[in-house]
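Morning, everyone. Please have the sequence and the 3D view open while I talk.

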Amino acid sequence: MDGPLDPAMYDTGRPVPSWWEASAGPGIERPTLAGEHRTEVAIIGGGYTGLSAAIVLAEQGIGCTVLDAGAIGWGSSGRNGGIVGFGGSKLSRTTMVRRYGAEETARSEEMLATSAKRIHAFCLEHGLAADTQGDGELILAHGDRSARELAGNPPPSGFRTEPIAPSGRPDIARFGGVRLSPGFGIHPLRYVRALAEAADAAGTKLHPRSEVLSWERDGNGHRLITAGGAVLADRVMLATNGFTPDRLHPTFRARIAPVLSNIVVTRPLTESERQAHPWLTDAPVADTRNLLAYFRCLPDGRLLFGMRGDVRGSDRAAERMHARLRRRIARELPGVAAAETTHFWRGPVCANAALRPSIGRLEEEPTVFHAYGWHGSGINMGSLAGRLTGALVAGADPETIPAPWRGLTPRIPLPGLRPLYVGASMLAYALADRQG
């Protein structure tokens, strides 16, 4: 793979040192692609989006092959914070209503609420109940102004809110906030593996460690070439999100800007550490900053804490980000500052110039489909987008996709400067966050 991040971030042979990898156990071994194969639909990317699309297609009797550059779950689907809730766009609701209309905005919100409930049911059905924790997601204000906005704004359509009183302590909950439901935490690697097993059972052919090295037209179809073989497909869906290579297809070049998210997990907290912040439970938490922090207690009592930062992903930057995360924990959750971290890892969030998801079919190549741009909310939005795109590939009306998510996002100019753009955006967001 290639892209604007440090080459090490694209090395699929490099293990991800996450708590999820340490606790999930071994995954199912599947064959890499070998030889030449024909399929009705080829999906590039075996994460939440690609696998959800594959399940939809297989259930309709459409032959489908999924190719992934790494092991199932090596990418962002297996290394995120494990929070299922509202999100996918960085646009304000006011902006979305102005651009796309109140009805289409509400439709997108209702779809996300329904999707969260569907993921919850899927997890319970597939034996992931012990990992599916929390009743609602806590959204905590980072200042007086954001607290007033949370209290005064109606919840997204399909969601419900209840107020959270200020903690009365010098911690991240000192200004209070709201609980937004549905919302919960999961073990993201086990979830993506369960999706892969569901795709297997539905008849999908999955080939991990089968990076698509080139994409050629072959008559009316497509030829996807890997190191071990090739797939001839009538239709192709691109579902690589934050790991989308610039070289793979000219239309998708420089459409995304990966933003790194960094996560630590601590040793299990003691009872006194948990009592220092009584609202700190298994419910996922995020603050209202643009450069947000997000965290939750895992089923065994460990604290997971993540935040944005860094623009390249080099090993040298990793040491600085680990230290920054420790300082942020000490500032926002002083009662658990002494809890040692046992795991630290990183992964790209997929942003784009339009600050919204992008789902659709190429006008100039109607046999090519795409889904990307979850802006840090990939479990729910990515799973939903996969189902929507799978239906689109199968022949659904494009109008089934809400207007805020429909169509390509603009190409990013001078794509070699993307790390500079991301750095400048982070600086601007940090200045805005100081206003509370």
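I'll go through one helix, one arginine, one hairpin, and then the empty spaces.

First, the ground rules. This is a predicted model: local features need pLDDT of at least 70, side-chain atom pairs count only at pLDDT 80 or more, and totals for chains, interfaces and linings use all residues. Residues are numbered from 1 along each chain as its sequence is written, and side-chain values use heavy atoms, with hydrogens and water left out.

Start with helix α6, residues 188–202. Helices here are DSSP runs of H or I with at least four residues, strands are runs of E with at least two, and both are numbered from the N terminus. How far apart are the end C-alpha atoms of α6? They are 21 Å apart. That agrees with the expected span, because 15 residues at 1.5 Å a residue should also give 21 Å. The expected span is 1.5 Å times one less than the number of residues.

Now look at what α6 hides. Its buried residues include Pro-188, Leu-189, Tyr-191 and Arg-193. Buried means under 20% relative accessible area, exposed means over 50%, and partly exposed is in between, with a 1.4 Å probe and protein chains only. The cover over those buried residues includes α1, α2, α4, β8 and α9. Right after α6 comes Gly-203, with a positive phi near 110°.

Next, Arg-235. You'll find Arg-235 in strand β11, residues 229–238. Is Arg-235 buried or exposed? Arg-235 counts as buried, because its relative accessible area is 18%. Contact means heavy atoms within 4.5 Å. Leaving aside neighbours within four places in sequence, the contacts of Arg-235 include Glu-40, His-222, Thr-367 and Phe-369.

On to the hairpin. Strands β17 (358–361) and β18 (368–372) pair in the antiparallel sense, over four bridges. Two strands pair if DSSP finds at least two bridges between them. Six residues lie between β17 and β18 in this hairpin. Find Gly-360, and opposite you'll see His-370 in β18.

Keep His-370 on screen. His-370 also lines the largest cavity, along with others including Ala-371, Tyr-372, Phe-252 and Arg-255. On a 1 Å grid over the protein atoms alone, a cavity is a set of points where a 1.4 Å probe fits but cannot get out; a pocket is an open set with protein on both sides within 12 Å along at least five of seven lines; lining residues have an atom within 4 Å of a point. Grid points are joined across faces, edges and corners, and a volume is the space filled by probe spheres set on the points.

How many cavities of 30 Å³ or more are there? Two. The largest has a volume of about 50 Å³. β18 gives the most to its lining, three residues.

The second largest cavity holds about 30 Å³. Among its lining residues are Pro-4, Leu-5 and Arg-418. Helix α10 supplies the largest share, three residues.

Last, the second largest pocket, at about 340 Å³. Of its 16 lining residues, the closest to the centre are Leu-291, Met-307, Arg-324, Arg-328 and Ala-430. β15, α8 and α10 each give two or more residues to this lining. By class, the lining has six nonpolar, one polar and nine charged residues. Ala, Val, Leu, Ile, Met, Phe, Trp, Tyr, Cys and Pro count as nonpolar, Asp, Glu, Lys and Arg as charged, and the others, Gly among them, as polar.

That's my tour. Thanks.
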